[in-house]
Amino acid sequence: VSYTIEDHTSIEEENVKLASFALDLLGKPCNSLLQMFYFEQKNMEEIAQRLGYKNVDSTKNQKYKCLKRLQSIFFQHKQERQRIEK
């Protein structure tokens, strides 16, 4: 099976849409934490203060849990779409 540039672009666009959808499903605390870290490039100390976490370690732990949930939502919906398309 060979892929064209258009196929690759289409897959990337679909993944971006799916990631955005998954972020929305995460809910406020996780969504806010990941937005601050990855898009606003805030450091863990600032995120901890703004979101009310006890310390940087608990913020890092929460970020890890949020990422795992995001991945789970993303891949679950990706599998569902692939199943529907077949």
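Let me start at the N-terminal end of helix 4, which Asn55 caps: one of its side-chain oxygens sits 3.1 Å from the backbone nitrogen of Asp57. Helices here are DSSP runs of H or I with at least four residues, numbered from the N terminus. A polar contact is a pair of N or O atoms within 3.5 Å; within protein, one must be able to donate a hydrogen and the other to accept it, and residues adjacent in sequence count only if both atoms are side-chain atoms.

This is a predicted model, where local features need pLDDT of at least 70, side-chain atom pairs count only at pLDDT 80 or more, and totals for chains, interfaces and linings use all residues. Residues are numbered from 1 along each chain as its sequence is written, and side-chain values use heavy atoms, with hydrogens and water left out.

On confidence: pLDDT is the predictor's own value for each residue, from 0 to 100. The chain has a mean of 90, with 92% of its residues at 70 or more. Among the elements, helix 3 has the highest mean, 97, and helix 1 the lowest, 84.

Back to helix 4. It covers residues 56-85, 30 in number, and its first and last C-alpha are 43 Å apart, close to the expected 44 Å. That expected span is 1.5 Å times one less than the number of residues. Thr59, Lys63, Cys66, Leu70, Ile73, Phe74 and His77 of this helix are buried, meaning under 20% relative accessible area with a 1.4 Å probe and protein chains only; over 50% is exposed, and in between is partly exposed. An α-helix has 3.6 residues a turn, so residues three or four places apart point the same way.

Next, the disulfide, defined as two cysteine sulfur atoms within 2.5 Å. The whole structure has one: Cys30 with Cys66, sulfurs 2.1 Å apart. The pair joins helix 2 to helix 4 across 36 residues. Both cysteines are buried, and the link is left-handed, at -75 degrees about the S-S bond.

Now the largest nonpolar core, a set of buried Ala, Val, Leu, Ile, Met, Phe, Trp, Tyr and Cys residues joined through side-chain atoms within 4.5 Å. Of its 13 residues, Ala22, Leu23, Leu26, Leu34 and Leu70 touch the most other members. Helix 1 (5-26), helix 2 (28-39) and helix 4 each give two or more residues to this core. Leaving out residues up to four places away in sequence, Leu26 has contacts (heavy atoms within 4.5 Å) with Asn31, Leu34, Cys66, Arg69, Leu70 and Ile73.

Last, Gln41, in the loop between helix 2 and helix 3 (44-51). Its phi is positive, about 55 degrees, although Gln41 is not a glycine. Gln41 counts as exposed because its relative accessibility is 67%.
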